[in-house]
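Here is a short report on one chain and how its parts fit together. Keep the model open while reading.

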Amino acid sequence: MVTVVAYLPAGSLTASVPAANPGRSEGPLSWLRTAHGQIVDAAGRKLLLRGFNVDALVAYPNDPPAPFDETDASLMQRAGFDVVRLGIDWSQLEPVRGRFDQAYLDRVASTVAMLNRQDLYVVLDMHFRLGWSPRFGYSGAPAWATISAPNWNPLPQYSWSPSLIPAAIASDMYFWLSSDWKSDFYRAWQALALRFKDTAGVAGYDIFNEAHPLPIPPRIFEKFYLWPMFRDAIDAIGAVDANHLFFVQGILLLSLNTVVVHLKAPDVVYGTHLYEGSLIPPFWNGDPTYLRQRFQQRAKEAAQVPAPLWIGELGYDFTQKGALSYADATLDNADDLGIGWAWWQWRENRYWGIVDAGGQVVNMDGLRHLARPYIVAAPGGIQAGRGDGVHGHLTITVNRSHADQPIVIAWSALTLSAPLATGTCLTSSRWDAITARLTLQVDPGMGCRLTIQAT
């Protein structure tokens with residue numbers, strides 16, 4: 001019977017969300033929505049969100065996260081990035097059941113405001129990690145949303161070992177199999193959404209980080225628990241805030257594909273993660289073939305939702321041989337697909353962070369490879385090639401059908417010299433080193449090839 005159920009058609013789900021009614025945005029950050037399989041700004045231009053994860057507001061009792069300040073945000077913005085995926089902790093938001101910590105909400109709001117001042121969008125990420133709750137070592141659910149069971153760790157030497165704690169496994173299962181804690185979880189999201197429903201600088205809400213199915217069989221988990229949870233969460237959040245994007249994810253279990261249930265809902269983004277070749281074998285050996293296949297699989301899943309694809313986490317240990325070639329290969333795939341991403345992460349340690357935990361050392365070699373030029377916003381009919389952040393180069397194809405709107409390009413003022421744009425249809429070019437943005441205007445009705453090169 002289990003085998004039969006697992007291979008039944010995935011079906012379809014519909015979320016009930018009222019029409020969006022955003023107010024006027026203040027500052028340069030526009031309200032975002034989805035259209036024609038893309039994230040778009042208020043002018044209807046395709047907008048790419050590229051940046052970093054920041055976990056400064058989550059609780060890792062056994063390994064406290066690095067801080068994050070305005071200097072970090074300024075460096076990130078000057079390198080050309082435009083988004084931070086900001087981890088939020090349910091355990092700190094609702095330490096007592098039914099009571100939301102206003103001081104923690106204020107910390108979140110203060111961080112969002114600081115990032116917005118640097119022209120960085122924020123994706124709020126309810127950040128669970130293997131182990132379910134800080135009670136077992138990592139971020140996630142409050143202590144009251146855990147089950148009393150054996151709390152021993154069979155393999156404490158491994159970073160993923162909290163996922164083996166019996167109490168963590170039982171707590172995780174109870175969340176998925178009952179409506180009890182899920183109702184609280186939706187109300188916690190409503191508390192966040194009420195705080196940010198009028199903030200255009202919040203791109204959207206990443207509902208649940210890295211759900212894993214075990215011990216529920218994966219296909220059953222996805223069809224009957226994961227996607228219905230996303231539908232119900234979108235219903236709940238949308239009831240108080242229909243103005244933001246809703247980010248959903250696939251499962252994270254080695255390289256297992258996610259079975260997608262068609263989800264009819266407005267402004268949904270498939271913000272899944274990709275660690276193949278990095279944390280998930282087969283590990284990177286310089287051959288991009290398998291990595292390309294995994295990107296194509298994520299794109300296929302996004303189309304099945306249907307939703308724009310955004311890679312909410314990808315990364316590599318920068319101390320390992322091949323780290324920079326892996327970064328180049330992953331971002332080549334993102335450029336080929338024309339999608340955004342958030343690297344794990346900005347400030348952590350010398351292994352995974354661009355900035356070390358003390359905030360003193362910046363990995364400039366890593367940053368040059370990540371801070372490749374890209375089109376931030378452009379009308380239809382504009383297509384970019386692969387950006388080169390090491391030498392400073394980007395080519396853009398302009399079709400004659402393009403709308404008469406400016407093209408905005410991210411160009412790292414931190415790692416590259418000023419850009420020079422050339423092309424027969426180019427009518428104006430304006431470089432702003434403060435915002436790390438190059439704005440181009442092209443002749444309506446004309447097509448050409450634009451070249452942007454470091455001077």
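## The two faces of strand 21

Strand 21 has a covered face and an uncovered one. Cys 448, Leu 450, Ile 452 and Ala 454 make up the covered face. Arg 449, Thr 451 and Gln 453 make up the uncovered face. In a regular strand, side chains alternate between the two faces of the sheet. The model is a predicted one.

Two strands pair with strand 21, and both pairings are antiparallel. Strand 16, residues 393-398, is joined to strand 21 by six bridges. Here Ile 396 has Leu 450 as its bridge partner. Strand 18 pairs with strand 21 over four bridges. In that pairing, Ala 421 is matched with Ile 452. Both of these partners in strand 21, Leu 450 and Ile 452, belong to the covered face.

## The disulfide

How many disulfides does the structure hold? It holds one. The bond joins Cys 425 to Cys 448, with an S to S distance of 2.0 Å. Cys 425 sits in the loop between strand 18 (419-422) and strand 19 (426-432), while Cys 448 is in strand 21 (residues 448-454), so the pair ties together parts that are 23 residues apart in sequence.

The torsion about the S-S bond of Cys 425 and Cys 448 is about -55 degrees, so this disulfide is left-handed. Both cysteines, Cys 425 and Cys 448, are buried. Cys 448 also belongs to the covered face of strand 21.

## The parallel sheet

Elsewhere, eight strands form an open sheet with parallel pairing. Their order is 11-9-8-7-6-5-13-12. Strand 11 (268-270) and strand 12 (310-314) are the edge strands, and each pairs on one side only. From one strand to the next, the twist averages 25 degrees.

At one edge, strand 11 runs parallel to strand 9 (residues 245-248), and three bridges join them. Val 248 has Tyr 270, in strand 11, as its bridge partner.

## Arg 347, a buried arginine

Is Arg 347 buried or exposed? Its relative accessible area is 8%, under the 20% cut-off, so Arg 347 counts as buried. Arg 347 lies in the loop between strand 13 (340-343) and helix 10 (364-370).

What does the side chain of Arg 347 meet? It makes a polar contact with the side chain of Asp 72, at 2.7 Å. A polar atom of the Arg 347 side chain also lies 3.3 Å from the backbone oxygen of Ala 357. Beyond residues up to four places away in sequence, Arg 347 touches one group that runs through Ala 66, Pro 67, Phe 68, Asp 69 and Asp 72. It also touches Val 355, Asp 356, Ala 357, Gly 358 and Gly 359.

## Nonpolar cores

In soluble globular proteins, nonpolar side chains tend to be buried together. The largest nonpolar core here has 99 residues. Which of them touch the most other members? They are Trp 90, Leu 124, Phe 185, Ile 207, Phe 208 and Trp 227. Helix 7 (residues 218-240) supplies the largest share of this core, ten residues.

Leu 124 is worth a look. Apart from neighbours within four places in sequence, its contacts include Leu 86, Ile 88, Val 108, Val 112, Trp 189 and Phe 196. Val 202, Gly 204, Tyr 205 and Asp 206 are also in contact with Leu 124. A second, separate core has 20 residues, among them Val 83, Tyr 121, Val 123 and Val 408.

Technical notes:
Residues are numbered from 1 along each chain as its sequence is written. This is a predicted model: local features need pLDDT of at least 70, side-chain atom pairs count only at pLDDT 80 or more; totals for chains, interfaces and linings use all residues. Side-chain values use heavy atoms; hydrogens and water are left out. Two strands pair if DSSP finds at least two bridges between them. Axes are lines fitted to C-alpha atoms, for helices over the stretch in contact, and angles run from 0 to 180 degrees between N-to-C directions. Buried means under 20% relative accessible area, exposed over 50%, partly exposed in between (1.4 Å probe, protein chains only). A polar contact is a pair of N or O atoms within 3.5 Å; within protein, one must be able to donate a hydrogen and the other to accept it, and residues adjacent in sequence count only if both atoms are side-chain atoms. Contact means heavy atoms within 4.5 Å. A disulfide is a pair of cysteine sulfur atoms within 2.5 Å. A nonpolar core is a set of buried Ala, Val, Leu, Ile, Met, Phe, Trp, Tyr and Cys residues joined through side-chain atoms within 4.5 Å.
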